[in-house]
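I open these notes with the cysteines and then turn to the aromatic rings.

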Amino acid sequence: MYNLGDIVMMKKPHACSQNRWEITRLGADIKICCLGCGHTVMLKRSYFNKRFKKIITQAHEVKQDQEEFYLDPQKLKLPKLFN
């Protein structure tokens with residue numbers, strides 16, 4: 001359905017009047033970042049699923065030079081759980 005790095009549209013726009021969000025974390029909670037102002041929000045998965053409308057751009061199709069606040073999912077560091 002949606003993956004890390006996808007740009008999604010929510011049912012209601014953010015206070016900065018943008019409705020483009022990047023998914024920056026997936027798990028029991030989903031972290032999204034507004035691409036208009038850079039504000040980040042952590043939502044429960046069930047809450048996110050109720051307010052999710054559609055995928056605007058999949059992660060492999062994003063043009064990073066056009067998105068000021070986009071975080072490349074391959075550059076994100078994963079935590080080291082087991083050493």
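Before looking at single side chains, I note the scale: a residue is called buried under 20% relative accessible area, exposed over 50%, and partly exposed in between. I also keep in mind that the model is a predicted one.

Cysteines. I looked for disulfides and found that the structure holds zero of them. Cys16 is in no disulfide, and the nearest cysteine sulfur, which belongs to Cys34, is 3.5 Å away; since I take a disulfide to be a pair of cysteine sulfur atoms within 2.5 Å, I leave Cys16 unpaired. I then checked Cys37, which is likewise in no disulfide, with the sulfur of Cys34 as its nearest cysteine sulfur at 3.8 Å. How exposed is Cys37? I read a relative accessible area of 34%, so Cys37 is partly exposed. For Cys16 the relative accessible area is 28%, so I enter Cys16 as partly exposed too.

Aromatic rings. I went on to the rings and recorded three aromatic pairs in the structure. Tyr2 and Phe48 form an edge-to-face pair, with 5.1 Å from centre to centre and 75° between the planes. I traced where the partners lie: Tyr2 is in the segment before strand S1 (7-10) and Phe48 is in helix H1 (residues 45-51), so that the pair links distant parts of the chain, 46 residues apart. Both Tyr2 and Phe48 are buried, and ring pairs join Tyr2, Phe48 and Phe52 into a cluster.

Charge over a ring. My last entry concerns Arg51, whose charged end sits over the ring of Tyr47 at 3.7 Å from the ring centre.

Terms used. Residues are numbered from 1 along each chain as its sequence is written. This is a predicted model: local features need pLDDT of at least 70, side-chain atom pairs count only at pLDDT 80 or more; totals for chains, interfaces and linings use all residues. Side-chain values use heavy atoms; hydrogens and water are left out. Buried means under 20% relative accessible area, exposed over 50%, partly exposed in between (1.4 Å probe, protein chains only). Rings of Phe, Tyr and Trp (its six-membered ring) pair if their centres lie within 6.5 Å; planes under 30 degrees apart count as stacked, over 60 as edge-to-face and the rest as tilted. Helices (H or I, at least four residues) and strands (E, at least two) are DSSP runs, numbered from the N terminus. A charge sits over a ring if NZ of Lys or CZ of Arg is within 6 Å of the ring centre and within 35 degrees of the ring normal.
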